[in-house]
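Grab a pencil and work through these exercises on a predicted model. Try each one yourself before you read the solution.

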Amino acid sequence: MSVSAMFVELQGALTADQDIREEIRKVVQALEQTAREMLTLLQGVHQGNGFQDSECEAVRVPKKCQKAREHFSTVRTQMESLKTKFPADQYYRFHEHWRFVLQRLVFLAAFVVYLETETLVTREAVAEILGIEADRERGFHLDIEDYLSGVLTLASELARLAVNSVTAGDYSRPLRISTFINELDSGFRLLNLKNDSLRKRYDGLKYDVKKIEEVVYDLSIRGLNKEAAGGAGGEK
């Protein structure tokens with residue numbers, strides 16, 4: 001084969017790779033738009049009575065969470081499209097294209113589940129919500145580090161929610177958030193994180209813990225934590 005023929009062949013491979021990446025980018029842009037719409041919707045829980053605006057089958061579920069779950073139907077359709085845009089055995093070759101939006105979607109799923117149940121969603125449950133696999137051997141999957149990054153984003157959002165809850169006159173929620181975040185922090189301390197980006201994100205968790213502790217301390221010195229503890233049983 002001549003040198004020219006070799007480079008023509010190489011150009012063909014480069015073009016094919018660029019075409020795949022362009023198709024992936026189109027779907028990722030659609031996913032990012034859906035994620036932005038969900039985030040805008042869920043930001044409403046930071047305002048006033050954002051938690052108590054609906055009842056569903058005797059279990060109170062915020063309307064915003066219900067609407068967010070409807071958006072996840074769109075996410076699942078978009079994920080199905082994304083799966084067809086690249087060879088199934090080359091997930092990590094193209095992973096950087098959807099890594100950020102996937103972490104954002106993990107956060108959104110975790111936030112919805114927390115608002116509904118005040119528990120941490122499992123990686124398997126997030127994968128099901130997003131319409132992908134938890135097991136890497138089964139194809140397009142939720143990488144563990146992407147799941148953990150999304151959970152760390154949840155911690156930051158809950159720190160903000162603790163502050164805004166006090167502003168809205170909800171003094172019991174920060175106490176429950178504090179318990180949840182401390183459990184989350186204890187869980188992360190069990191991990192030996194090798195990923196530099198993830199480790200830096202985890203370093204931010206201590207600031208979230210500190211922010212929530214300050215909120216709880218402020219409630220304590222104002223005597224509002226006792227009031228909150230007394231009313232928490234009725235809420236839950």
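**Exercise 1.** Work out how helix α3 (residues 91-117) and helix α4 (residues 123-130) are oriented to each other, and what kind of residues make their contact.

*Solution.* Start with the geometry: the axes of α3 and α4 are 10 Å apart, and the packing angle is about 105°. Next, pick the right class: angles of 65 to 115 degrees count as roughly perpendicular. So α3 is roughly perpendicular to α4. Now look at who touches whom: α3 brings L102, L105, V106, A109 and V113, and these meet V126, I129 and L130 of α4. Sort them by class and you get 8 nonpolar residues, with no polar and no charged ones.

**Exercise 2.** Find L120 and decide whether L120 is buried, partly exposed or exposed.

*Solution.* First, the location: L120 sits in the loop between α3 and α4. Its relative accessibility is 35%, so L120 counts as partly exposed. Then check its contacts: leaving out residues up to four places away in sequence, L120 touches Y147, V151, L154, F180 and L184. For a distance across the chain, take I181: it is 61 residues from L120 in sequence, yet their C-alpha atoms are separated by 10.0 Å.

**Exercise 3.** Do the orientation job again for helix α7 (residues 196-203) and helix α8 (residues 205-221).

*Solution.* The axes come within 4 Å and cross at roughly 15°. Under 35 degrees counts as roughly parallel, so that's what α7 and α8 are. The contact uses R201, Y202 and D203 from α7, plus L205, K206 and Y207 from α8. By class, that's 3 nonpolar, no polar and 3 charged residues.

Note on methods. Residues are numbered from 1 along each chain as its sequence is written. This is a predicted model: local features need pLDDT of at least 70, side-chain atom pairs count only at pLDDT 80 or more; totals for chains, interfaces and linings use all residues. Side-chain values use heavy atoms; hydrogens and water are left out. Axes are lines fitted to C-alpha atoms, for helices over the stretch in contact, and angles run from 0 to 180 degrees between N-to-C directions. Helices (H or I, at least four residues) and strands (E, at least two) are DSSP runs, numbered from the N terminus. Angles under 35 degrees count as roughly parallel, over 145 as roughly antiparallel, 65 to 115 as roughly perpendicular and the rest as oblique. Contact means heavy atoms within 4.5 Å. Ala, Val, Leu, Ile, Met, Phe, Trp, Tyr, Cys and Pro count as nonpolar, Asp, Glu, Lys and Arg as charged, and the others, Gly among them, as polar. Buried means under 20% relative accessible area, exposed over 50%, partly exposed in between (1.4 Å probe, protein chains only).
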